Amino acid sequence: MEKIIVRGGSKLTGTVKVEGAKNAVLPVIAAGLIASEGKSILKDVPALADVHTISEVLRYMNAEVNVENNTVTIDASKELTTEAPFEYVRKMRASVLVLGPLLARYGHAKVALPGGCAIGSRPIDQHLKGFEAMGAKVNVGNGFIEAYTEGRLKGARIYFDVPSVGATENVMMAAALAEGKTVLENCAKEPEIVDLANYLNKMGAKVIGAGTETIRITGVEKLVGAEHNIIPDRIEAGTFMVAAAITKGNVLVKGAEQEHLRSLVAKMEEMGVIIEEEDEGLRVIGPEKLKAVDLKTMPHPGFPTDMQSQMMALMLQAEGTSVITETVFENRFMHVEEFRRMNANLKIEGRSVIVEGPSSLQGAEVSATDLRAAAALIVAGLVADGHTRVTELKHLDRGYVDFESKLVALGADVERIDDEVEEEEDHPQTDVKSSLSS
Ligand SMILES: CC(=O)N[C@H]1[C@@H](OP(=O)(O)OP(=O)(O)OC[C@H]2O[C@@H](n3ccc(=O)[nH]c3=O)[C@H](O)[C@@H]2O)O[C@H](CO)[C@@H](O)[C@@H]1O
Ligand SMILES: C=C(OP(=O)(O)O)C(=O)O
C-alpha cells in the first residue's frame, strides 16, 4: 500500500499551477453522451483517477473516448448501451450523471444505485424528481435506478427542495433534449454548473440562467459534439492557498479565479492571511500569527464543503477558538479523529467542530477518510513536528494531480512511498544464507 510521508517545517514559496476542475469535467464528460453527431474535444482536463473512471463508463456504453495529454475526445455517435453497472458507480458517485443524457437521448437509462459514502448518505431523490416531472417513469429496485419514457421527455417547471449540484446538472442535461421549455428553480449555483451549461450551449442547447437560482432551458432535437476548455479547479486552488498560509509561505496559485473563491478568500483574510490578485492568479502570503474565525459551509456562493477539512487544518494553527459548522453533508467530520492523532485539540458538537488553537501538531500515522481529508492531513503534516504518514491515497488520487510533486516544487518535504519498501528499510530482512554462515 502506498503512503505519503510529510516531514514538517518547510515554508512554501514559488508558483503552483492549478489543473482543470474535477467537478466540472465529470459532468461535462457525462454530457458528451448526449451528442448523437460529431466529436467533442475537451481541453484542460486533469489526469485524475475519476476522469479515467467516467471515461470507462462511457466506453462501457459504446462511446469512443480518448484521454491524452489533458485532452479528452468523445465520439458518442454510435448506438449506445444505456446501463452503467455497480463496479463503476461504486468507484465514483458522479457516474449517476449519465442518467440525464441517456434518458433524454434514448428514453431509457439504468444505473446502479450509488449508496452511502464516507461524507453522508447522499440521496439522489432530487435528480429522480426532476426526471419524473419531465414525464419519465422511475423504478428503484435490486440495486438499480431505471428510468424510461415513451417518446421524448417533456419540458416542466421543477423546484428543487435542496440546491443540489448533481441534480441541477443531471436535470439540466435531460432538459436540453426535452420537448418544450423547462424551468429549474432553487438550482445550485456553483461555477461548475455554469461550465456545463456553456458546454451544452456549444453543442447546440439553449440554456440560460446557469449560475443563478433559476435556469431556463428550451429543448432542442439534437446536440452535436463541441470543443470546450474546462475551468480551473477552485478546490485544488484553495487547498494550495491553505498550504501556503499554514506554512507562513508566499505562493502564487496560478489559475486561481478570485471570482470562484470569494468566500474562501474572505475567510482566509479574516484569519490574517494576505491574498493579492495578480494577472495569473492569487498570491497567498501566510502571516506570523493566524486569528481564530468561525465558518459555516453552504451551497455556492457560500463557503464550500470541499474546503472544510483543509480550513480545519489552518484553524488548528490559529490563536483562539474557531467553530466550523457543516451544513451540506451530515457526516463530513471523519478527519477530526485523524487530526486528533496528530495532537489536535478538537471537539465535535452536533454539526459543529470546536477547534482550540494553536495546536502543536505532531507527526502520526493517519488515514485519509475522503479526498479532501487526504489533502487536509498532508497540509497539517507540513507544520507538524516529525513525520506524518498518510494512508488510503486512493481518495487523494481521485481529486488531485501530482499533489505531492507540486508541494515538493514549492519546497515541502513530502514523498510517496510504497509501504512495503518502507517496512523493508525499517526492518531489513535478514539474509538467511549470510546469517547461517556467520
Ligand atoms: C462531482 C461533484 O461535483 N461533486 C460535488 C457535488 O456533489 P453532489 O452533486 O453529490 O452534491 P449535492 O450538491 O447534490 O449535495 C448537496 C446536499 O444535497 C443533498 N441532496 C442531493 C441530491 C438529492 O437528490 N437529494 C439531496 O438531499 C445531499 O445529501 C447534500 O446534503 O457537490 C458537493 C456539494 O458542493 C461537493 O461536495 C462535491 O464535491
Ligand atoms: C466530495 C467530493 O467529490 P465527489 O462528489 O466526487 O465524491 C469532493 O470533490 O470533495
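Which residues come nearest to ligand 1? Of the 21 residues around this ligand, the nearest are Asn-23, Gln-126, Ser-164, Val-165 and Gly-166. The legends below take you through this predicted model one close-up at a time.

**Figure 1. The surroundings of ligand 1.** Start here for the residues that come nearest to ligand 1, among them Asn-23 and Gln-126. Three helices, α1 (22-31), α5 (125-133) and α6 (165-176), each contribute at least two residues to the shell. Sorted by class, the shell holds 10 nonpolar, 7 polar and 4 charged residues. Both domain 1 (2-18 + 232-424) and domain 2 (22-229) give residues to this shell, so ligand 1 lies between them.

**Figure 2. The surroundings of ligand 2.** Around ligand 2 you will find Asn-23, Arg-93, Ala-94, Ile-119, Asp-306, Leu-371, Arg-372 and Gly-399. If you have just come from ligand 1, Asn-23 is a familiar name, being one of the residues that come nearest there. The shell around ligand 2 comprises 3 nonpolar, 2 polar and 3 charged residues. Ligand 2 lies between domain 1 (2-18 + 232-424) and domain 2 (22-229), because both give residues to its shell.

**Figure 3. Strand β24 and its two partners, β22 and β23.** Strand β24 (residues 352-357) pairs with β22 (residues 318-325) in the antiparallel sense, over 6 bridges. β23 (residues 345-349) also runs antiparallel to β24, and 5 bridges join these two. Ile-354 makes a handy landmark in β24: Val-323 is its bridge partner, and Lys-347 stands opposite it too. In the hairpin of β23 and β24, 2 residues lie between the strands, and Gly-350 takes a positive phi near 60 degrees.

**Figure 4. Helix α8 from end to end.** This helix covers residues 234-246, and its end C-alpha atoms are 18 Å apart. That agrees with the 18 Å that 13 residues should span at 1.5 Å a residue. α8 is mostly covered, with 13 of its 13 residues buried. Take a look at what follows the helix as well: Lys-248 has a positive phi, near 60 degrees.

**Figure 5. Two cis peptide bonds before proline.** The bond from His-300 to Pro-301 is cis, with omega near 10 degrees. Pro-301 belongs to the loop between β21 (294-296) and α10 (308-315). The other cis bond joins Gly-357 and Pro-358, with omega about -5 degrees. Pro-358 sits in the loop between β24 and β25 (365-367).

**Figure 6. Positive phi at Asn-343 and Glu-392.** Neither residue is a glycine, yet Asn-343 has phi near 80 degrees and Glu-392 has phi near 65 degrees. Asn-343 lies in the loop between α11 (334-341) and β23. It has 15 other C-beta atoms within 10 Å, so Asn-343 is partly exposed. Glu-392 is found in the loop between β26 (387-391) and α13 (393-399). Glu-392 counts as partly exposed because it has 19 C-beta neighbours inside 10 Å, and a buried residue would need 20 or more.

**Figure 7. Stepping back to the whole protein.** To place the close-ups, note that the protein has 16 helices and 27 strands. Its C-alpha atoms fill a box of roughly 75 × 60 × 40 Å along the principal axes. The radius of gyration is 23 Å, which agrees with the value near 22 Å for a compact globule of 438 residues. Buried residues make up 50% of the 438.

Terms used
Residues are numbered from 1 along each chain as its sequence is written. Chains are lettered from A and ligands numbered from 1 in the order in which they are written. This is a predicted model: local features need pLDDT of at least 70, side-chain atom pairs count only at pLDDT 80 or more; totals for chains, interfaces and linings use all residues. A residue is near a molecule or strand if its C-beta atom, placed from the backbone, lies within 6 Å of it. Helices (H or I, at least four residues) and strands (E, at least two) are DSSP runs, numbered from the N terminus. Ala, Val, Leu, Ile, Met, Phe, Trp, Tyr, Cys and Pro count as nonpolar, Asp, Glu, Lys and Arg as charged, and the others, Gly among them, as polar. Domain bounds come from an automatic or database domain assignment. Two strands pair if DSSP finds at least two bridges between them. The expected span of a helix is 1.5 Å times one less than its number of residues. A residue is buried if 20 or more other C-beta atoms lie within 10 Å of its own, exposed if 12 or fewer, and partly exposed in between; C-beta atoms are placed from the backbone. The radius of gyration is taken over C-alpha atoms; the globule rule is 2.2 Å times the number of residues to the power 0.38.
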